[in-house]
Amino acid sequence: VQLQASGGGLVQAGGSLRLACAASGRTFSSYAMGWFRQAPGKEREFVATISRSGNAYYADSVKGRATISRDNAKNTVYLQMNSLKFEDTAVYFCATGTSYWLTMARDVAYWGQGTQVTVSS
């Protein structure tokens, strides 16, 4: 299984980014997908997840500002982030696993390589 994340970059506070994660090597539609992030000096934390049926769940820190979606025809999961804050600065990792939702690292079977998001204040 390979997960290739993209879409990170430098953005001003209040701006938006859309991250994408392309999956290969397994039946994409059969598994939950998720996004986690890790800021310097901090542990990796849950951001958002989407079940194989399309039900989404968000961390409180991004609720109302983030939208996770999936395109099973393209084997891709997206994370739209709006109203970005300085504290959103982190490396964002996509993930896949067999749990209904992926809200903890132990739910994750495979990790992507990460994409850097930097929000300037």
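**Exercise 1.** Work out whether Glu45 counts as buried, partly exposed or exposed, and then find which salt bridge Glu45 and Arg37 take part in.

*Solution.* Start with the cut-offs: buried means under 20% relative accessible area, exposed means over 50%, and partly exposed is what lies in between, using a 1.4 Å probe and protein chains only. Glu45 has a relative accessibility of 36%, so it counts as partly exposed.

Before going on, a word on the ground rules. The model is predicted, so local features need pLDDT of at least 70 and side-chain atom pairs count only at pLDDT 80 or more, while totals for chains, interfaces and linings use all residues. Residues are numbered from 1 along each chain as its sequence is written, and side-chain values use heavy atoms, with hydrogens and water left out.

Next, take the partner. A salt bridge is a side-chain nitrogen of Lys or Arg within 4 Å of a carboxyl oxygen of Asp or Glu. The side chains of Glu45 and Arg37 satisfy this, with N and O 2.6 Å apart. Unlike Glu45, which is partly exposed, Arg37 counts as buried because its relative accessibility is 5%.

**Exercise 2.** Follow the salt bridges onward from Arg37 to Asp88, and find which residues they join into one network.

*Solution.* Step one: the side chains of Arg37 and Asp88 meet in a salt bridge at 2.9 Å, N to O. This pair links distant parts of the chain, with Arg37 in strand E4, Asp88 in the loop between E8 and E9, and 51 residues separating them. (Strands, labelled E, are DSSP runs of at least two residues, and helices, H or I, are runs of at least four; numbering starts at the N terminus.)

Step two: check the burial of Asp88. At 1% relative accessibility, Asp88 counts as buried.

Step three: look for another partner. Asp88 also forms a salt bridge with Arg65, and the closest N and O atoms are 2.8 Å apart. Here, too, distant parts of the chain are linked: Arg65 sits in the loop between strand E6 (56–58) and E7, 23 residues from Asp88. Both Asp88 and Arg65 are buried.

Step four: put the pieces together. Shared partners join Arg37, Glu45, Arg65 and Asp88 into one network. The structure has four salt bridges by this rule.

**Exercise 3.** Describe the surroundings of Thr49: what does its side chain reach, and which residues is it in contact with?

*Solution.* First, locate the residue: Thr49 belongs to strand E5 (residues 45–50). With 0% relative accessibility, Thr49 counts as buried.

Then look at the side chain. It reaches the backbone oxygen of Met33 at 2.8 Å. Finally, list the contacts, meaning heavy atoms within 4.5 Å. Beyond its neighbours within four places in sequence, Thr49 is in contact with residues including Met33, Asn55, Tyr57, Ile68 and Trp101.

**Exercise 4.** Work out the strand order of the open sheet that holds E8, and say how E8 pairs with E3 and with E7.

*Solution.* Two strands pair if DSSP finds at least two bridges between them. As background, strands of a sheet pair through backbone hydrogen bonds, either parallel or antiparallel.

Begin at one end. E1 and E3 are antiparallel partners over five bridges, and Gln2 stands opposite Ser24 in E3. Moving on, E3 and E8 pair in the antiparallel sense over six bridges; here Ala20 has Tyr78 in E8 as its bridge partner. Lastly, six bridges join E8 to E7, again running antiparallel, with Asp71 matched to Thr76 in E8.

E7 and E8 also form a hairpin with four residues between them, and Asn75 in the turn has a positive phi of about 55°.

The order is therefore E1-E3-E8-E7, four strands in an open sheet with antiparallel pairing. E1 and E7 are the edge strands, each pairing on one side only. For E8, five of its six residues are buried.

**Exercise 5.** Locate Ser29 and find which residues it is in contact with.

*Solution.* Ser29 lies in the loop between E3 and E4. Its relative accessibility is 33%, so Ser29 counts as partly exposed. Setting aside neighbours within four places in sequence, Ser29 is in contact with Arg52, Arg70 and Asn72. As a distance check, the C-alpha atoms of Ser29 and Thr115 are 23 Å apart in space, and the two residues are 86 apart in sequence.

Technical notes. A polar contact is a pair of N or O atoms within 3.5 Å; within protein, one must be able to donate a hydrogen and the other to accept it, and residues adjacent in sequence count only if both atoms are side-chain atoms.
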